[in-house]
Amino acid sequence: LPDFMYPTGGPSGLEETKATYKKALEVASPNFWEMAMLQPSYNFEHITSMFPSLQVWPIESPPVVLAASDQAPLVVVGEAMQRLQQIMPGSKLEFIPNSKWSWHLEGGDVIDEVSAML
């Protein structure tokens, strides 16, 4: 089980998360597996190259909070968020404490942090 899937609910939360993922993976379609295989290369080859061509975010836009998990892989999440912030002047980059990646699955404490941030 990759570290970004660990819940904050302790051992019982971990076992519940593992069981949920196991069930989901057992019934995953071939399309899911193909997409999972292609996702990293697609992101780097296509999505990343789009950032420089995007228009600068208007400074008079509503306040924007860019939130990223503090323990997510830096090259995939942290650096991408920093590049996004560069084209969104006035945005605020915040890191979600004690979050691996899937903050919405990591328990009440992490969800409370996101709620307070917003």
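Here is a short conversation between a visitor and a guide about the predicted model shown above.

Visitor: Before we start, what kind of model is this, and how are residues numbered?

Guide: Happy to set the ground rules: this is a predicted model in which local features need pLDDT of at least 70 and side-chain atom pairs count only at pLDDT 80 or more, while totals for chains, interfaces and linings use all residues. Side-chain values use heavy atoms, with hydrogens and water left out, and residues are numbered from 1 along each chain as its sequence is written.

Visitor: Which pattern do the helices and strands follow along the sequence?

Guide: Helices (H or I, at least four residues) and strands (E, at least two) are DSSP runs, numbered from the N terminus. The chain has four helices and two strands. Read along the sequence, they give α-α-β-α-β-α.

Visitor: What share of the chain's residues is buried?

Guide: Buried means under 20% relative accessible area, exposed over 50%, and partly exposed in between, with a 1.4 Å probe and protein chains only. The chain has 118 residues, and the buried share is 23%.

Visitor: And how much area does the chain expose?

Guide: Accessible areas come from the Shrake-Rupley method with a 1.4 Å probe; for residues, only the protein chains shown count as cover. Carbon and sulfur atoms supply 62% of the exposed area, and the total is about 8300 Å².

Visitor: Why do the buried residues of α4 line one face of the helix?

Guide: In α4, residues 108-117, the buried residues include Val-110, Val-114 and Met-117. Seen down the axis, with directions taken from the helix axis to the C-beta atoms, they fall within an arc of 60°, so they line one face. Asp-109 and Ala-116, on the other side, are exposed. The reason, then, is that arc of 60°.

Visitor: Which strands are among the elements covering the buried residues of α4 and α3?

Guide: In α3, Val-77, Gly-78, Ala-80 and Met-81 are buried. Contact means heavy atoms within 4.5 Å. The cover of α3 includes β1 and β2, and the cover of α4 likewise includes β1 (65-69) and β2 (92-96).

Visitor: Which residues of α4 does Ile-96 contact?

Guide: Ile-96 sits in strand β2 and counts as buried, at 1% relative accessibility. Leaving aside neighbours within four places in sequence, its contacts include Ala-67, Ala-68, Ser-69, Asp-70 and Trp-103. From α4, its contacts include Val-110, Val-114 and Met-117.

Visitor: How far apart in space are Ile-96 and Asp-70?

Guide: In sequence, 26 residues separate Ile-96 and Asp-70. From C-alpha to C-alpha, the distance is 5.4 Å.

Visitor: Which backbone oxygen does the side chain of Ser-91 reach?

Guide: Ser-91 is in the loop between α3 (74-86) and β2, and is buried with a relative accessible area of 12%. Outside its neighbours within four places in sequence, Ser-91 touches Val-64, Leu-66 and Gln-85. At 2.7 Å, its side chain reaches the backbone oxygen of Met-88.

Visitor: How many salt bridges are there, and which residues form them?

Guide: A salt bridge is a side-chain nitrogen of Lys or Arg within 4 Å of a carboxyl oxygen of Asp or Glu, and the count comes to two. One joins Glu-26 and Lys-22 at 2.7 Å, N to O; these residues are four apart in helix α1 (residues 10-26), about one helical turn. Glu-26 is exposed at 55%, as is Lys-22 at 52%. In the other, whose closest N and O atoms are 3.1 Å apart, the partners are Lys-92 and Glu-94.

Visitor: Is Lys-92 buried, exposed or partly exposed, and what about Glu-94?

Guide: Lys-92 has a relative accessible area of 48%, and Glu-94 is at 23%. Lys-92 therefore counts as partly exposed, and Glu-94 is partly exposed.

Visitor: What geometry does the aromatic pair have?

Guide: Rings of Phe, Tyr and Trp (its six-membered ring) pair if their centres lie within 6.5 Å; planes under 30 degrees apart count as stacked, over 60 as edge-to-face and the rest as tilted. The structure holds one such pair. Phe-32 and Trp-33 lie 5.0 Å centre to centre with 80° between the planes, which is edge-to-face.

Technical notes
A polar contact is a pair of N or O atoms within 3.5 Å; within protein, one must be able to donate a hydrogen and the other to accept it, and residues adjacent in sequence count only if both atoms are side-chain atoms.
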